[in-house]
Amino acid sequence: MGFKPLKIIIYGIFPTVYSTCAPCCSYDYFSTCKPGYSDEQISEYPDWVLEQQDFMVKLLGELSRFGRWVRVEVVSGDSIRGVYVALRYKVGKGPAVIVGNRVFKGEELSIENIVNYVGLLIKGGEKPKISTTAQ
């Protein structure tokens, strides 16, 4: 019997230079053709986009300690999926993190708040629901 990991959505506007052209394309061909391409592109983004990227990277590092108990999805606000997430969870402007059905945004949006809440759900007896179907 398997378990259903806790769903976490990290929502924001992130530099597209990190996106690959397709799920099957995991190699950065642009940087191979033009060394320094990524650094050049990153320098052109406004500070607030880079701050959201840094926040996401730090949060992913902290959430990695929960291993298989969490399933993290990063959703960019400038995608169709991002529009859906923004409307469904009423995130408004700015970045947000959705843990289960709880939305962290604005003043609540801190790595410490999110990690503590995830830890509470996982370790505090409110573990993700056990799936009765074979995976």
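**Close-up views of a predicted model: cores and sheet**

**View 1. The largest nonpolar core.** In this predicted model, the largest nonpolar core (buried Ala, Val, Leu, Ile, Met, Phe, Trp, Tyr and Cys residues joined through side-chain atoms within 4.5 Å; buried means under 20% relative accessible area with a 1.4 Å probe, protein chains only) has 19 residues, and those with the most contacts inside it are Leu59, Val97, Val99, Ile114 and Val118. At least two of its residues come from each of S1, helix H3 (47-63), S3 and helix H5 (111-123), with H5 giving the largest share, five residues; helices (H or I, at least four residues) and strands (E, at least two) are DSSP runs numbered from the N terminus. Another core, which lies apart from this one, has 10 residues, among them Val75, Ala96, Ile98 and Val103.

**View 2. Surroundings of Val99.** Neighbours within four places in sequence being left aside, Val99 is in contact (heavy atoms within 4.5 Å) with Leu6, Lys7, Ile8, Phe104, Ile114, Tyr117, Val118 and Leu121.

**View 3. The open sheet.** Four strands form an open sheet of mixed pairing in the order S2-S1-S3-S4, where pairing requires at least two bridges found by DSSP. Strand S2 (70-76) and strand S4 (102-105) are the edge strands, each pairing on one side only. Strand S1 (residues 6-12) is antiparallel to strand S3 (residues 96-99), with four bridges between them, and Ile8 stands opposite Val99 in S3.

**Notes.** Residues are numbered from 1 along each chain as its sequence is written, and side-chain values use heavy atoms, without hydrogens and water. Local features need pLDDT of at least 70 and side-chain atom pairs count only at pLDDT 80 or more, whereas totals for chains, interfaces and linings use all residues.

Terms used:
Buried means under 20% relative accessible area, exposed over 50%, partly exposed in between (1.4 Å probe, protein chains only).
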